[in-house]
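Colleague: Let us go through this model together. Please start with the side chains.
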Amino acid sequence: MDAIKRLFDAQPVDSRWVSGLALAQGCAFLTALSATASTALANRGASAPAWQSFFIYVLLGGFYVPYHARQKSRESEADDASGAGGHGTGFTEPAPPPPSSPPLSTGLTPQGTSSSSRTPARYALLAFIDTQANYWIVKAFRYTSLTSVTLLDCAAVPFSMALSIAILGSSYSRAHIAGGALSFCGLALLVLTDTKSGGGSGGSNPPLGDFMVIVAAALYASSNVLQERALLEGASTSEVLAAIGGMGAVISGIQCAVFELKDLSKVGRAAGAEGFLEMAAFAVSLFAMYSLVPEVLRRSGSAAFNIGMLSSDLWAVLARVVFFAGFTAASILSFAASFVLVAFGTVVFASAGDPLRLGGERRREYEVLDEDLEDRPAPPPL
């Protein structure tokens with residue numbers, strides 16, 4: 001018992017941090033929907049990684065760029081009225097926190113310095129990393145199976161932990177590591193059982209596809225940590241998503257023109273009406289997921305987000321069984337066992353506390369923005 005108590009050291013429960021993990025479950029379900037749609041497109045021979053990514057960023061840019069511009073315009077009008085002046089491009093240095101708030105202590109450079117992550121160049125890098133993550137994960141479905149993708153994209157968890165330690169100064173306890181390991185074991189049980197039953201077969205070149213998934217996992221982890229850094233420095237949700245959507249649309253549009261322009265008509269013929277519906281489901285589900293991600297990162301951080309996203313793999317494998325193969329007794333039992341392990345691992349991880357608070361110091365502090373207190377308009381309908 002003493003050993004267990006030492007392993008799972010009690011940390012103060014932070015309702016905001018735990019609520020972020022709960023929001024991550026919504027992101028996980030939306031990601032599973034997008035993976036199911038992408039698999040269906042690949043099965044039709046209508047997979048188009050660059051175009052699929054392009055539609056996501058067009059939705060993000062079309063919604064959040066004008067929304068963020070309106071927010072900056074209102075802020076500028078308020079600043080002009082108070083004699084403070086405008087904010088330039090909208091991607092600016094964060095204002096210092098109120099005197100009553102403790103300073104940030106995240107391993108980052110102090111606020112207000114030229115090395116802030118909230119510059120056009122840093123946002124362009126973030127958009128490039130994010131677009132390549134989506135491109136490679138979609139392309140991987142051409143070469144490997146859905147079950148292989150669900151197992152290998154868990155590599156985002158150790159990648160995000162390592163990057164948040166290096167960039168954000170996070171500190172992970174043994175309970176964090178144990179929780180992540182339990183969740184991973186639960187998923188591995190499900191995927192290995194599914195593979196043995198024949199559900200994991202498929203793919204024209206599994207080793208190549210698996211390598212693409214690992215590359216995408218590293219890129220996703222990098223994107224999450226860079227978004228978290230910008231949020232720690234005072235960025236609003238709309239600022240981050242406007243940058244990712246607007247710049248990502250340009251980058252993915254260039255990829256479409258270079259790599260897939262001549263394949264567009266062939267993909268259109270292979271897709272048919274049902275394929276276009278699957279393409280829309282893919283883009284809209286990821287648009288909704290992206291809209292939630294900054295709030296999850298704001299509350300819980302990138303590693304907690306990726307731990308929560310492990311449940312997306314449960315939903316994705318369930319979708320594969322339901323839509324692409326059918327249930328077997330082994331699938332039902334392994335799904336139940338995996339669900340328990342992943343859920344328990346997530347609870348253990350959450351009980352360990354915020355990695356940015358370990359060491360007896362409150363370190364996850366954000367500037368409260370008027371924009372984040374307002375009701376945002378609803379996203380565009382499907």
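Colleague: Is Phe63 buried or exposed?
Modeller: Phe63 is buried, at 15% relative accessible area; buried means under 20%, exposed over 50% and partly exposed in between, with a 1.4 Å probe and protein chains only.
Colleague: And on what footing do such values stand?
Modeller: This is a predicted model, in which local features need pLDDT of at least 70 and side-chain atom pairs pLDDT 80 or more, while totals for chains, interfaces and linings use all residues. Residues are numbered from 1 along each chain as its sequence is written, and side-chain values use heavy atoms, leaving out hydrogens and water.
Colleague: How many aromatic pairs are there?
Modeller: The count is eight aromatic pairs; rings of Phe, Tyr and Trp (its six-membered ring) pair if their centres lie within 6.5 Å, with planes under 30 degrees apart stacked, over 60 edge-to-face and the rest tilted.
Colleague: Why is the pair of Tyr57 and Tyr290 edge-to-face?
Modeller: Their planes stand at 70°, so the pair is edge-to-face, with ring centres 6.3 Å apart.
Colleague: Where do the two lie?
Modeller: Tyr57 is in helix H3 (residues 49-82) and Tyr290 in helix H10 (residues 264-299), so the pair ties together parts 233 residues apart in sequence. Helices are DSSP runs (H or I, at least four residues), numbered from the N terminus. Both Tyr57 and Tyr290 are buried.
Colleague: What does Phe63 form with Phe287?
Modeller: An edge-to-face aromatic pair, 5.7 Å centre to centre with 85° between the planes. Phe63 in helix H3 and Phe287 in helix H10 are 224 residues apart. Phe287 is buried, at 3%.
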